[in-house]
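Here is a short briefing for your next look at this model. Have the sequence and the 3D view open side by side, and let's walk through it together.

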Amino acid sequence: MSPTSSLLHYNLAVTYRRLEKLADAKVVVTNGLGFEGWMGRLVRASGTKAKVIETTSGIATRKLADGHADPHAWQSAEHGKIYVANIRDALVATDPPGRADYESNAAAYLAKLDALDRELKAAVASIPAERRRIISSHDAFGYLQQAYGIEFIAPQGLSTESEASARDVARIITQIKREKIPAVFLENISDPRLMERIAKETGARLGGKLYSDALTDRNGDAPSYIDMMRHNMRQIVAALRG
């Protein structure tokens, strides 16, 4: 069997297992806002009778530059509370005998999210207002910007799909100087010489890794939602404090 055939058989096996799980499910939890473009087809193919919920229901969505809804609504702890409430309500509706457990567990987690929200706002408050500006190649932090007042600015002329060139870096340096931006998070520049050039010529602080739409394993920086939010804010604050 060729490598291509092996990969095809593997993908078919994985898809079949997913269809089996969906067929047996009582609730299917999705983010919505176009984040899982494949989910609708998978649900229909499975024939499941499960209740399908969108955890972003009730959130005031923002638009991306291309006009589509920004699906990264979890980048605000207040929005995280809406996710939890939507999941709780779906589970209660599907399994009424479990209502007390679902409501108790949700209440405990909502309290943690309230504490997280206060923690994040306090961290931002420690940064002078004029320094709360970042150049980032991510387009996933618009809700964080709305919730906590950190402005994320796209690097001019830089594609997020490919490695930056020296010419791209020159444009970014000009932009940082012109707009007096104190910190830069650019994950699509892997050449350390280019990053050192940005730091040397602008004085901007180079930020660490931010997690936008995936967690790490249990040994990483962001094994849970709360850990991810804390990690990202620590990276942001460290860079902006300079």
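Rings of Phe, Tyr and Trp (its six-membered ring) pair if their centres lie within 6.5 Å, with planes under 30 degrees apart counting as stacked, over 60 as edge-to-face and the rest as tilted. By that rule, the structure holds two aromatic pairs. Please keep in mind that this is a predicted model, where local features need pLDDT of at least 70 and side-chain atom pairs count only at pLDDT 80 or more, while totals for chains, interfaces and linings use all residues. Residues are numbered from 1 along each chain as its sequence is written, and side-chain values use heavy atoms, with hydrogens and water left out.

**Overall layout**

- Helices (H or I, at least four residues) and strands (E, at least two) are DSSP runs, numbered from the N terminus.
- The chain has eight helices and six strands, and from the N terminus on its elements run α-β-α-β-α-α-β-α-β-α-β-α-β-α.
- Buried means under 20% relative accessible area, exposed over 50% and partly exposed in between (1.4 Å probe, protein chains only); of the 242 residues, 40% count as buried.
- Taking contact to mean heavy atoms within 4.5 Å, 63% of the contacts between residues at least 6 apart in sequence join residues at least 24 apart.

**Aromatic pairs**

- The ring centres of Phe 35 and Trp 74 are 5.3 Å apart and their planes stand at 75°, so this pair is edge-to-face.
- Phe 35 and Trp 74 link distant parts of the chain, 39 residues apart: Phe 35 is in the loop between strand 1 (27–30) and helix 2 (39–46), and Trp 74 is in the loop between strand 2 (51–54) and helix 3 (77–94).
- Phe 35 counts as partly exposed because its relative accessibility is 34%, whereas Trp 74, at 11%, is buried.
- Phe 141 and Phe 152 form a stacked pair, with 5.2 Å from centre to centre and 20° between the planes.
- Phe 141 lies in the loop between strand 3 (133–136) and helix 5 (142–148) and Phe 152 in strand 4 (residues 151–153), so this pair ties together parts that are eleven residues apart in sequence.
- Both Phe 141 and Phe 152 are buried.

**Charges over rings**

- A charge sits over a ring if NZ of Lys or CZ of Arg is within 6 Å of the ring centre and within 35 degrees of the ring normal.
- The ring of Tyr 143 has the charged end of Arg 62 over it, 6.0 Å from the ring centre.
- Lys 209 lies over the face of Tyr 211, at 5.0 Å from the ring centre.

**Helix 2 and the strands it joins**

- Met 39, Leu 42, Val 43 and Ser 46 are buried in helix 2.
- Seen down the axis of helix 2, these buried residues fall within an arc of 100° (taken from the directions from the helix axis to the C-beta atoms), so they line one face of the helix.
- Arg 41, Arg 44 and Ala 45 are exposed on the other side of helix 2.
- Two strands pair if DSSP finds at least two bridges between them; strand 1 and strand 2 pair in the parallel sense over four bridges.
- Val 29 has Ile 53 in strand 2 as its bridge partner.
- From strand 1 the chain crosses through helix 2 to strand 2, and this β-α-β crossover is right-handed (with the strands pointing away from the viewer, the path from the first strand over the helix to the second runs clockwise).

**Strand 3 and its partners**

- Which residues of strand 3 are buried on each side? Arg 133 and Ile 135 are buried on one side, and Ile 134 and Ser 136 on the other, so to speak covering both faces.- Strand 3 pairs with strand 4 in the parallel sense over three bridges, and Ile 135 stands opposite Ile 153 in strand 4.
- The β-α-β crossover from strand 3 through helix 5 to strand 4 is right-handed.
- Strand 3 also pairs with strand 5 in the parallel sense over three bridges, and Ile 134 stands opposite Ala 183 in strand 5.

**Positive phi angles**

- Leu 33 is not a glycine, yet it has a positive phi of about 60°.
- Lys 180 is not a glycine either and has a positive phi of about 55°; Lys 180 is found in the loop between helix 6 (166–179) and strand 5 (183–185).
- Gly 47, just after helix 2, takes a positive phi of about 70°.
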